[in-house]
Amino acid sequence: QASLPLSMHLAYQLLTVGRQQEADALFESTRALSVQRGDARVLAYGTVDFNHCPAGQAARCDQRLSEARGVLSGFLPPNQPVFGVLEASIAELALARGELQPARAALLRALAIFDSAPTLRSGRVLAAATLARVELTLGNLDAAASRAVEAVTQARTFSNGFAHSRWLGHALVAQGMVQRARGESAAARATWRAALAELQPTLGESAPATEEARRLLADPQSQ
């Protein structure tokens, strides 16, 4: 039987590659086992990472994140990167509910926490890429462009030495969206093709991020 931290990590990985039902089932069973064993720390870390909430369970998911924050605050200082991950998860749940301003505020808190860390974290790249998309949806094109460039630049730094990087793939998808909004259709398509080249070998064909990049390329409005 896998350890609790490994099971939590596997649930997160299953989520990122698009195996949502398996991810949810493993996450819930690992949560239950963590509670049974009284392992509040594993429960908290795992909850922070798992940024998916089933439909109709928003209140329960918010409560779980609040409980995780309480546990982690008991033994970690507030500038620890895990709190940046927590804020990014709060943002993802807000976005799933269409709450753009709360999502933006959570992402800004996440970036501030990540920026206080001594080293660059992958979560920082994802938060910047997500914020670029939020700013774009809110109509803040200049802010979106700035965040997208930031995400791509940091993703390239973080991914140095690796043949492919899902972090760079996520950042490029966001940058392509900004380019499309600026009317730069050819540049957007080139960027999304580059994103696919990063996402396919790292996340697989059925991952949500890969499918999104493929949809964007196929969209007639992007031609």
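**Definitions applied to an all-helix model**

The protein has 11 helices and 0 strands, where helices (H or I, at least four residues) and strands (E, at least two) are DSSP runs numbered from the N terminus. This is a predicted model, in which local features need pLDDT of at least 70 and side-chain atom pairs count only at pLDDT 80 or more, while totals for chains, interfaces and linings use all residues. Residues are numbered from 1 along each chain as its sequence is written, and side-chain values use heavy atoms, with hydrogens and water left out.

User: Why is Thr130 called buried or exposed?
Analyst: Thr130 has a relative accessible area of 14%. Buried means under 20%, exposed over 50% and partly exposed in between, with a 1.4 Å probe and protein chains only. Thr130 is therefore buried. The residue lies in helix H7 (residues 122-137).

User: What does Thr130 touch, not counting residues up to four places away in sequence?
Analyst: Thr130 touches Glu92, Leu95 and Leu107, a contact being heavy atoms within 4.5 Å.

User: Why does Arg109 count as buried, partly exposed or exposed?
Analyst: The relative accessibility of Arg109 is 38%, so the residue counts as partly exposed. Arg109 belongs to helix H6 (residues 100-115). Its C-alpha atom is separated by 8.4 Å from that of Ala88, 21 residues apart along the chain.

User: How do you know whether the span of helix H10 agrees with its number of residues?
Analyst: The expected span is 1.5 Å times one less than the number of residues. For the 19 residues of helix H10 (residues 185-203) this gives 27 Å; the end C-alpha atoms are 26 Å apart, which agrees. After H10 comes Gly204, with a positive phi near 100°.

User: Which helices do the buried residues of H10 pack against?
Analyst: They pack against helix H1 (4-16), helix H9 (166-181) and helix H11 (208-218). Among these buried residues are Trp192, Glu198 and Leu203.

User: What makes the radius of gyration agree or disagree with that of a compact globule?
Analyst: The radius is taken over C-alpha atoms, and the globule rule is 2.2 Å times the number of residues to the power 0.38. With 223 residues, a compact globule would have a radius near 17 Å; the protein has 17 Å, so the two agree. Along the principal axes, the C-alpha atoms fill a box of roughly 55 × 40 × 30 Å.

User: How many of the 223 residues are buried, as a percentage?
Analyst: Buried residues make up 44% of the 223. Of the contacts with a separation of 6 or more, 59% are between residues 24 or more positions apart.
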